[in-house]
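Work through the exercises below with the sequence and the 3D view side by side, and try each task before reading its solution.

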Amino acid sequence: MKSTMCRHPFLLYNPAVKFAVRMYYKALWSNRSSFVNLTDIAIENTNICNASCTMCAHKSMKRAKAIMPYEEYCKIIDIAIKEDITHLYLGQLGEPFADNGIVDKMDYAARCGMELYSITTNASLLDKETSERLLGYPWKSISFSVDGAKKDTYKSIRGLDYNVVENNILTFLRLRKKAKRFDLRVRMQMVVYDKNRHEVDDYFNTWKSRLVPGVDDIAFLHATNYAGLTDIEYTGNLDSKMLRIPCGRIWNFMIIVSVNGNIQLCCWDYEVDNEIGNVFKEGSLKALWNNSRMKHFRQLHINGDFDKIPLCKNCNANYLAKPYFELRPV
Ligand code: SF4
């Protein structure tokens, strides 16, 4: 597979290049450390999942599984709107449609003026009625996670029924066509590793014929090691001699609120144990994202002291030249 990032050895290993790049990122992020102006929010409406994916951290997760109560979700949306954080992503480490109240939650966000950016689902619970209702809201994109082109491969990876999933996605695509919602991009995505690597082309050709050219795309992702917290093997090619840079995820413009209101450091923080704070106690998302704890984490990254944050120590997400995934337009 082709990488979306440069893997030239000169860039990856040359000490002078590495020094210059390190200085560049240090200056870039130092300038942006005092206040990060959030625009995006991801809300984990539930951390329950109906799948049992072999390459996901969900099976290792120890925190309590729950569905975020509607009233609490609304409180978060109200705070976001008040602070001008208007781009909404639904879901985190769970299947968003395992929450029966998800459509009401979409509805509230839309009524409050949030821009509905993106939702990721395994599609197994996306029945016709839910698809119709979802298409009634101005979502910009939906990603379907399907990790295999063949029924048996898929089942062995996700533990779900391929026929149900395929049927739900085809129904969704038919309904989208009927509603002429081509402003809503569909992404098919597959985590590629030993179990399914041989099905990549088959997968691409099958889904390409069902998607809309110029609108949709297909993404092939590497399996991640979830910051070294799981025994899942990262499947991209990087090594310890490559340059690690301050991680954009702790500067970027999206805050992640977990199911009980605690703030995650990044999406790899699946136990949410970095003590950043709780939105219901703090009453402000921007204050949390710019509190002393976050500033401390950012400074450690600027200094290159990744090892001083247990979560970041063994993470492979902030290597400069990590080939992350291949995105193929259809
Ligand atoms: S280095 Fe890894 S664990 Fe640390 S913030 Fe970035 S993605 Fe998260």
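**Exercise 1: the ligand shell**

Sort the residues around the ligand by class, and state how many are nonpolar, polar and charged.

Solution. In this predicted model, the shell around the ligand has 10 nonpolar residues, one polar residue and one charged residue. To check this, begin with the residues that surround the ligand, among them Ala 227, Ile 250, Leu 265, Trp 268 and Leu 311. Next, add the cysteines of the shell, including Cys 247, Cys 266, Cys 312 and Cys 315, bearing in mind that Cys counts as nonpolar here. The list also holds Ala 317, together with Arg 249 and Asn 318; Arg belongs to the charged class.

**Exercise 2: the strands around β2**

Which residues of strand β2 lie on its covered face, and which on its uncovered one?

Solution. Strand β2, which spans residues 87-90, has Leu 88 and Leu 90 on the covered face, while His 87 and Tyr 89 lie on the uncovered one. In a regular strand, side chains alternate between the two faces of the sheet.

In what sense does β2 pair with strand β1, and through which helix does the chain cross between them?

Solution. Strand β1, residues 40-43, pairs with β2 in the parallel sense over four bridges, and His 87 is the bridge partner of Asp 40. From β1 the chain passes through helix α3, residues 70-82, to β2 in a right-handed β-α-β crossover.

How many bridges join β2 to strand β3?

Solution. Four bridges join β2 to β3, residues 115-121, and the two strands run parallel, with Tyr 89 opposite Ser 118. Together with helix α4, residues 102-112, β2 and β3 make a right-handed β-α-β unit.

Technical notes. Residues are numbered from 1 along each chain as its sequence is written. This is a predicted model: local features need pLDDT of at least 70, side-chain atom pairs count only at pLDDT 80 or more; totals for chains, interfaces and linings use all residues. A residue is buried if 20 or more other C-beta atoms lie within 10 Å of its own, exposed if 12 or fewer, and partly exposed in between; C-beta atoms are placed from the backbone. Two strands pair if DSSP finds at least two bridges between them. A crossover is right-handed if, with the strands pointing away from the viewer, the path from the first strand over the helix to the second runs clockwise. A residue is near a molecule or strand if its C-beta atom, placed from the backbone, lies within 6 Å of it.
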